[in-house]
Amino acid sequence: MSLQWRLLNDELEFIHCLRRSSALNVVSLTLELIMEKGQNSLLTIPKQDDDTFLLVQLPDSLPIEELLRQTASIVGHKSNAQACLVTDAKSFALSRVETSNALVLVPPTATSSGEPPAKKIKVTNTGTELVQTPCRWLGAESGAYFLELKERQVDLKALEGLLSTFDPYSNETSEFKGVSLEKLALELQVSKAQVKAGLTTLHALEFESMYSLLSEEAWQEARRAILAALTECDEFSNYAQSGVDRQAMIQESVKRVTESYPQLEAVFELVLRIMTKGGNGENITIDFEKVAIFVAHELFAKPSWLHDDLVKEWQARVPGVGDAYQLDVEKTLRGVAIRSTDENEWMYLPADKLTKSPSERMAQLFASREKWTQKELEPYLAPLSNKMDEILVKHALAVTEQIDGETISRYVKKEATV
């Protein structure tokens with residue numbers, strides 16, 4: 001098998017032990033042949049000299065079977081002096097690890113039946129005859145070393161920076177300038193599957209296999225058209241339960257935009273996909289909560305509302321009749337608005353308009369309110385990381401208060417004095 005070696009900048013040196021070549025021949029060794037069961041797998045890559053092998057330690061998340069599919073590649077980019085091994089679904093940074101241990105590659109040893117092929121044989125002074133075994137030294141003149149693989153995650157901020165913003169209503173950005181999945185994967189040195197997942201998270205627009213971001217104006221126009229279609233067309237009245245015909249929904253929505261453009265149907269496909277709760281492809285059920293959230297964003301063109309006034313106006317504007325279309329105000333406004341301390345007023349604070357940097361977002365949150373409960377912070381921090389506790393430990397201080405005989409735990413800015 002072979003791992004393809006792709007290089008964007010011929011003048012760039014990557015890791016010393018990797019040679020520039022159109023292909024690297026790989027000799028794969030079964031786990032049981034060289035190590036005890038349960039240990040990390042090993043892979044050897046021949047260097048320029050056919051008689052010299054380089055050891056690569058595979059993490060548990062990369063079974064050797066995945067490399068044997070022959071779809072993995074080693075990629076490098078001029079913006080990053082580190083080469084990466086990319087498989088169908090994952091990516092790993094390659095780094096050289098120096099070791100004082102002697103690295104010796106030996107063939108499997110014959111053992112008695114029932115014992116694992118790689119079982120260590122204890123040599124004692126009981127007269128056991130030593131057998132000469134061919135081996136291969138994996139050291140180097142300056143000492144032994146091997147390559148270590150560390151799993152990489154897609155950098156959403158970097159991915160976002162590679163995408164242009166498409167705004168069909170602007171003279172400057174009305175031309176669709178998409179980027180291919182392949183180019184994004186190569187630029188970021190990650191797998192195409194990882195890029196695809198990142199594009200989904202960023203709600204990127206796909207048109208003719210190219211990707212871009214969608215301007216806020218285009219998002220608003222598309223959602224308003226969908227909301228109008230749900231409100232005005234009787235066939236869509238029970239959109240959250242019996243569902244709607246997807247193509248009919250798109251056609252009715254297209255009629256309600258101010259200006260047509262080639263990517264319009266793709267835009268509605270994207271917005272509907274985000275708003276869809278279920279369905280079989282053609283008949284889709286639209287998530288009532290997402291419709292309600294969009295209406296809430298529209299209402300907060302006025303930055304603050306008294307609670308009772310907001311609920312009354314909100315319920316009047318959300319399409320749908322019946323118990324399935326009743327608002328859960330507290331749940332639906334999580335990550336959209338925050339409630340005043342006296343609970344009489346709602347102030348607009350949309351999570352998707354805040355920075356994606358955890359430290360900067362925490363500063364924005366504490367600028368809008370001095371004290372937060374963990375439940376209140378969750379919709380603002382959970383989208384950034386699955387380790388919310390680490391963000392809180394780094395940027396906030398937990399304090400307790402007695403309110404009406406009840407102990408309440410809240411977070412304040414770490415530099416603040418209580």
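# A walk through the predicted model

Of the protein's 418 residues, 41% count as buried. The model is a predicted one. The protein contains 14 helices and 23 strands. About 23,800 Å² of it is exposed, and carbon and sulfur atoms supply 48% of that area. Among contacts between residues at least 6 apart in sequence, 59% join residues at least 24 apart.

Helix 7, covering residues 246–254, is a place to begin. Its buried residues are R246, A248, M249, I250, E252 and S253. These buried residues pack against two helices, helix 6 (216–232) and helix 8 (264–275), and against two strands, strand 16 (244–245) and strand 18 (283–286). At the N-terminal end of helix 7 the cap is D245, where a side-chain oxygen lies 3.3 Å from the backbone nitrogen of Q247.

The packing of helix 7 on helix 6 can be followed further. The axes of helix 6 and helix 7 come within 8 Å and cross at roughly 110 degrees. Helix 6 and helix 7 therefore stand roughly perpendicular to each other, since angles of 65 to 115 degrees are classed that way. The crossing of helix 6 and helix 7 is right-handed. On the helix 6 side the residues that meet helix 7 are A225, I226, A229 and L230, and their partners in helix 7 are M249, E252 and S253. M249, E252 and S253 are also among the buried residues of helix 7.

Before helix 6 in the sequence, two loop residues deserve a look at their backbone. H203 sits in the loop between helix 5 (192–201) and strand 14 (205–207). H203 has a positive phi of about 55 degrees although it is not a glycine. Its relative accessibility is 34%, so H203 counts as partly exposed. S209 follows in the loop between strand 14 and strand 15 (210–214). Phi of S209 is also positive, near 65 degrees, and S209 is likewise a residue other than glycine.

R339 brings the reader to strand 20, which spans residues 337–339. Is R339 buried or exposed? With a relative accessibility of 17%, R339 counts as buried, because the cut-off for that class is under 20%. Its side chain has polar partners: a polar contact of 2.2 Å joins it to the side chain of E330, and another, at 3.3 Å, links it to the side chain of H307. Leaving aside neighbours within four places in sequence, the residues in contact with R339 are H307, E330, E345, W346, M347 and R369.

The next stop is Y380, in helix 13 (residues 374–381). Y380 has a relative accessible area of 1% and is therefore buried. Which residues does Y380 touch, not counting those up to four places away in sequence? They are G335, V336, A337, I338, L349, P350, A351, L354, R361, L365 and W372. One of these, G335, is 45 residues from Y380 in sequence, while the C-alpha atoms of the two are 5.9 Å apart in space. The side chain of Y380 also reaches the backbone oxygen of L349, at 2.8 Å.

Helix 13 in turn crosses helix 14. Their axes come within 11 Å and cross at roughly 110 degrees. Helix 13 and helix 14 are therefore roughly perpendicular to each other. This crossing of helix 13 and helix 14 is right-handed. Q374, L377, E378 and L381 of helix 13 make the contact with M388, D389, I391 and L392 of helix 14.

Helix 14, residues 388–395, is also crossed by helix 12, residues 358–368; the axes of these two come within 11 Å and cross at roughly 65 degrees. That angle makes helix 12 roughly perpendicular to helix 14. The crossing of helix 12 and helix 14 is right-handed. From helix 12, P358, S359, M362 and F366 make the contact, and from helix 14, I391, L392 and H395. I391 and L392 of helix 14 also take part in the contact with helix 13.

Technical notes:
Residues numbered from 1 in each chain as written. Predicted model: local features only at pLDDT ≥ 70, side-chain atom pairs only at ≥ 80, totals over all residues. Heavy atoms only, no water. Helix = DSSP H or I, 4+ residues; strand = E, 2+ residues; numbered from the N terminus. Buried < 20%, exposed > 50% of the residue type's maximum accessible area, 1.4 Å probe, protein only. Contact = heavy atoms within 4.5 Å. Polar contact = N/O pair within 3.5 Å; in protein donor to acceptor, adjacent residues only side chain to side chain. Areas by Shrake-Rupley, 256 points an atom, 1.4 Å probe, with all protein chains shown as cover. Axes fitted to C-alpha atoms, helices over the stretch in contact; angles between N-to-C directions. Parallel < 35°, antiparallel > 145°, perpendicular 65-115°, else oblique. Left-handed = near helix turned anticlockwise from the far one by under 90°.
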